[in-house]
Amino acid sequence: MSFLKRMYLGTVKPIKIHHLYNLYLKGHARYIQTYRERMDKQIKLGPQDSRWRPRTPRWTRIGKMQFRFLVQHGLKPEHTLLDIGCGTLRGGIHFIRYLQPGNYTGIDISPEAIKVAKQLVKEEGMADLRPRLLLTADSQFKEFSGETFDFLFAYSVFSHLPPEEIEETFQNIGEIMGKNSVFFFTFKPADGRRDIGREMRFNFRYSFRFFQELARKHGLDIELLEPPSAHNYPEKKRMAKVTKGE
Ligand SMILES: C[S@@+](CC[C@H](N)C(=O)[O-])C[C@H]1O[C@@H](n2cnc3c(N)ncnc32)[C@H](O)[C@@H]1O
């Protein structure tokens with residue numbers, strides 16, 4: 001019996017499980033609903049307790065790292081960028097400053113994240129850089145119909161999503177990519193031989209094989225990047241690169 005099932009049946013002492021998460025486990029709620037609620041709550045915590053409040057030391061450090069990564073991988077001011085799960089603009093704040101006006105788009109499922117992000121743009125005097133900050137409900141990208149982005153980025157998003165939500169991204173992302181577009185995403189590697197590792201409330205681990213299979217199924221090319229030599233990504237995340245191929 002899986003750990004989750006044992007936890008659900010009460011044979012493992014549960015860490016208090018949120019009502020919506022229970023509904024998700026029972027198959028009555030879409031995961032994204034529960035995760036959205038959790039993000040909203042976490043962001044609303046004060047700056048001491050929430051890692052998502054802008055300008056905390058960790059927020060600043062990880063945001064700068066995201067920026068360095070994309071610039072090292074070819075992001076130029078004239079490029080367009082879609083920041084999937086932009087949160088409270090940890091990376092976004094740097095991308096907005098660097099890119100030409102109108103070239104940054106951030107989407108998130110959390111209304112609170114988008115609210116804080118918009119407020120931050122105002123406070124930083126960046127409104128004239130015209131970032132697009134949009135609330136989204138899923139990973140179908142319908143709001144971008146007919147549009148493509150040069151760079152697409154999902155930092156610390158798939159490590160919080162179950163397989164079916166990730167598959168929705170792979171199914172639809174090709175529609176908003178041109179032949180030179182690149183999509184970078186992080187994930188937490190599963191230990192051992194399993195493709196889908198143990199799930200612990202809002203944290204999911206996958207093998208790279210899991211993503212390779214999704215890419216193959218949806219006609220995309222995928223490559224696992226070496227961890228940076230000087231420092232690994234926080235929490236031993238790995239970075240992968242997806243292209244549309246020929
Ligand atoms: C762990 S946070 C990381 C936020 C941001 N990338 C960063 O590094 O600060 C994950 C974010 O992804 C958002 N998210 C999760 N699934 C999403 C989806 N399918 N589409 C858009 N945003 C999503 C969450 O609401 C949350 O803000």
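**Exercise 1. Find the residues that surround the ligand and say where the ligand sits.**

Start with the closest neighbours. Met39, Gly85, Gly87, Arg90 and Ser110 come nearest among the 22 residues around the ligand; a residue is near a molecule or strand if its C-beta atom, placed from the backbone, lies within 6 Å of it. Two elements give two or more residues to this shell, helix 3 (31–44) and strand 2 (104–108). Helices here are DSSP runs of H or I with at least four residues, strands are runs of E with at least two, and both are numbered from the N terminus.

Before going on, a word about the model. It's a predicted one, so local features need pLDDT of at least 70 and side-chain atom pairs count only at pLDDT 80 or more, while totals for chains, interfaces and linings use all residues. Residues are numbered from 1 along each chain as its sequence is written.

Next, pick the top contributor: helix 3 gives the most to the shell, with three residues. Then sort the shell by chemistry: eleven residues are nonpolar, eight polar and three charged. Ala, Val, Leu, Ile, Met, Phe, Trp, Tyr, Cys and Pro count as nonpolar, Asp, Glu, Lys and Arg as charged, and the others, Gly among them, as polar.

Last, look at the domains. Domain 1 (1–44) and domain 2 (54–243) both give residues to the shell, so the ligand lies between them. The domain bounds come from an automatic or database domain assignment.

**Exercise 2. Check the length of helix 4 and work out which side faces inward.**

Length comes first. Helix 4 (residues 57–72) has 16 residues and should span 22 Å at 1.5 Å a residue; its end C-alpha atoms are 23 Å apart, which agrees. The expected span is 1.5 Å times one less than the number of residues.

Now for burial. Trp59, Gly63, Gln66 and Leu70 of helix 4 are buried. Buried means 20 or more other C-beta atoms within 10 Å of a residue's own, exposed means 12 or fewer, and partly exposed is in between, with C-beta atoms placed from the backbone. The buried residues of helix 4 cover an arc of only 60 degrees around the axis, which puts them on the same side of the helix. That arc is taken from the directions from the helix axis to the C-beta atoms.

On the other side of helix 4, you'll find Pro57, Arg58, Arg61 and Gln72 exposed. What do the buried residues of helix 4 pack against? Their partners are helix 5 (92–98) and strand 4 (149–154), where a contact needs C-beta atoms, placed from the backbone, within 7 Å. Just after helix 4 comes glycine 74, with a positive phi near 105 degrees.

**Exercise 3. Do the same for helix 6.**

Length again: helix 6 (residues 111–123) has 13 residues and reaches 18 Å from its first C-alpha to its last, close to the 18 Å expected at 1.5 Å a residue. Its buried residues are Ala113, Ile114, Val116, Ala117 and Val121. Seen down the axis, they fall within an arc of 165 degrees, so they line one face of helix 6. Lys122 and Glu123 are exposed on the other side.

For packing, the buried residues of helix 6 go against helix 3, helix 5, strand 2 and strand 3 (132–135). Glycine 125 follows helix 6, and its phi is positive, near 65 degrees.

**Exercise 4. Place histidine 79 and list what it touches.**

Histidine 79 is found in the loop between helix 4 and strand 1 (81–84). Is histidine 79 buried or partly exposed? Count neighbours: there are 19 other C-beta atoms within 10 Å, so histidine 79 is partly exposed. Leaving out residues up to four places away in sequence, histidine 79 touches Leu99, Asn103, Asp150 and Phe151. Take one of these: the C-alpha atoms of histidine 79 and asparagine 103 are 6.7 Å apart, though 24 residues separate them along the chain.

**Exercise 5. Find two non-glycine residues with positive phi and describe their settings.**

One is leucine 89, with phi near 65 degrees. Leucine 89 sits in the loop between strand 1 and helix 5, and it counts as buried because it has 30 C-beta neighbours inside 10 Å.

Another is serine 156, with phi near 60 degrees. Serine 156 lies in the loop between strand 4 and helix 7 (163–172). With 20 C-beta neighbours inside 10 Å, serine 156 counts as buried too.

Notes:
Contact = placed C-beta atoms within 7 Å.
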